[in-house]
Amino acid sequence: MADDNGDNSGIEQRHIFINADIVAMTMTEKQPHWLPDISHRPGPRYRAIAAALQDDIGSGALPIGAKLPTHRDLAWRLGVTVGTVTRAYAEAERSGLIGGEVGRGTFVRDPRPTEAPVDNTGIIDLSVNALAQHPNEERLRQALLGLASRNDLSGLMHYPPVNGSARHRQAGAAWIAQTTGLTVDPALVLPTAGGQNAMHLALAAITRPGDSLLVEQLSYPAVKPLAGLLDLRLVPVAMDDGGLLPDALEQAARAHGAHALYCMPRLHNPTTVTQRPDRRQAVMAVCRQAGIRVVEDDVYGFLADDAGPPALVALDPERVLFLTSLSKNLMPGLRTGFLLCPPPLMDRVRTLLRATLLGVNPLGAELSAEFILSGAAMESAIQRRALVADRQAQARRLLPGAASDPACPHLWLPLPEPWRREDFARALLSRGVRVTPADAFAVARGDTPHAVRVCIGGVERVEVLEHGLRILADLLSEPAAMGESFV
Ligand SMILES: Cc1ncc(COP(=O)(O)O)c(C=O)c1O
C-alpha cells in the first residue's frame, strides 16, 4: 500500500531537514512500509509500538533518515486507533528517536544532533567542562550595548596598568567575596586572562625550573603541559572522598623535597570531591611545617550554594595563592580570571604579567567588572546552580552509579568490571558520545581508576544531554567490549 504522500517508488536520495536544529543531510530514505510485530509485546499498545520503534532503530532495521508510515496508515495496518500511533510516535519523539517535519512526515533522527559543544563530526561532546552558553547571550548583548553607550571609553583604549585598574581589582575582590565569603584587599587581587593564566602566574611565582610540584593524583589536565613549560616534576598525592590525604602529602613532600602544591579543594575536577574541613586544617598544618606554598584553584566554587568549609587561603593567607575565573559562570570567551596573591609575591607576579601580557585586555575586564558589580554575575551563578542541579538529577535517574557532588557540572563515573576506561570511551565515541577517560587526569602512571568524566553542563539542550546519557547508560548495561588487540 502506498503511503499518504503517494510515494512508493522504492529508495531515493534526498536532502532533508528533520528539525531546524539538525543540519541538512543527504541520506537514503527508505519508504515507509515499517510494520512492527507487536503481538508478543506486553502492556499498552502505544508503548508496544514505541518499544518496537526503539528496537528497530537500535538494530538498524530503521536507519537514520528512514521515513515512518503516517499515523493513519500504521494504525490501519496494525488494527489500532490513530490516537494509539500518535501517542507512540510522541513517546519516541520525546526520547529523541524520531522527529516530525510539517508537511513531510516523520523520520528517524540522527542521534548525533549538531549542538554546541559539538565537533564537526556531530558528536555529542560530554568531554568539555563549559556551561551552556545560551542563558548568558542576552546578558552579553546588554552589557555590550551598555558599554557602547558610555562616554568614558577612552579609558579602555590604552595599555592598562599591569595589575589592572582599581575598578577591575575591586571587581575581582567582590567576586571572591561573593563566592567564598572572604573579604579581601583589592590591592592584592590581580585580574588575569582566565583561570589558566592565573595558574601559570601562580605556579611560576612559587617554583623554579627543576622543582617538584605536588598535585592531587587526579588533576586538571592542563597542569601537565604547564608543568612541562615551567620544567616542574609533577608528584601525585593520594586523595579519597574527603580530599587530599595529609599523611600522603607530608610523605610526598619529604620524598621529593617539594615546596609547592596545586589543588582544587572545592568541586574537584574530575572527582567532584570537596575537601572536608578537618582535612583542610590538617593539609595546611603539613604545608606550614614543610614550607609548602599552595595554589588553590576555585574555578567551580561559585556553584556551591553556600560558602562551605573555609577556603585554604582563609586558613593561611600568606601561604596560599587563590585563583578563580568567570569562565564557567559567565562565558569562557571573556577570558577573565583573578589571582589573590600574598603581598611578598606581588612583585614577582606583576613582573610575570608584564613580561607575558603587559596587562589583561581592558575591554574584557571592563565587561567582567560590569557583570560582577551590577550583580549580573551572581544572578548567572544562581541560574547555573539550578541548571547543574537539574542536570545532576537527570543524570542520577539514568546513571545511579555516578559518584558526583550535585553542585558539580560533571560526573565522575567509576566503570563496572570488566570495562576498561579507554575501551569504554572508545565504544561510546563509536556511538556518538565523547567523554574523558581517567588517563587524561592522571599525573603518574599506575593506579589510574577505571572511570570516566562526563560533563553535563555544556550541552545547550537538555534533550540532547538526555540522549547522550541514555546512550551511555545503554552501553553500561551491555557486556563490556574487548580491546582491539588480544592476540
Ligand atoms: C580546575 C580548572 N582550573 C582552571 C581552568 C581554566 O579556567 P579558564 O577557562 O578560566 O582559563 C579550568 C578549565 O576547565 C579548570 O577546570
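This chat walks through the ligand site and one helix residue.

Visitor: What kind of model is this, and what pLDDT do local features need?
Guide: It is a predicted model, where local features need pLDDT of at least 70, side-chain atom pairs count only at pLDDT 80 or more, and totals for chains, interfaces and linings use all residues. Residues are numbered from 1 along each chain as its sequence is written, and side-chain values use heavy atoms, with hydrogens and water left out.

Visitor: Which residues come nearest the ligand?
Guide: Asp 297, Tyr 300, Ser 325, Ser 327 and Lys 328, out of 13 around the ligand. Being around it takes a heavy atom within 4 Å.

Visitor: What does Asp 297 touch?
Guide: A polar side-chain atom of Asp 297 is 2.6 Å from a ligand nitrogen atom.

Visitor: And where do the ligand's oxygen atoms come in?
Guide: One lies 2.6 Å from a polar side-chain atom of Ser 327. An oxygen atom of the ligand is also 2.7 Å from a side-chain N or O atom of Arg 335. The protein covers 92% of the 390 Å² of accessible area (Shrake-Rupley, 1.4 Å probe) that the ligand has on its own.

Visitor: How does the shell divide?
Guide: Four nonpolar, six polar and three charged residues. Asp, Glu, Lys and Arg count as charged, and Gly counts as polar.

Visitor: Which helix gives the most to that shell?
Guide: Helix 6, residues 194-206, with three residues. A helix here is a DSSP run (H or I) of at least four residues.

Visitor: New topic. Is Ala 88 buried or exposed?
Guide: Ala 88 is buried, because its relative accessible area is 0%. Buried means under 20%, exposed over 50%. Ala 88 sits in helix 3, residues 82-94.

Conventions. Polar contact = N/O pair within 3.5 Å; in protein donor to acceptor, adjacent residues only side chain to side chain. Helix = DSSP H or I, 4+ residues; strand = E, 2+ residues; numbered from the N terminus. Buried < 20%, exposed > 50% of the residue type's maximum accessible area, 1.4 Å probe, protein only.
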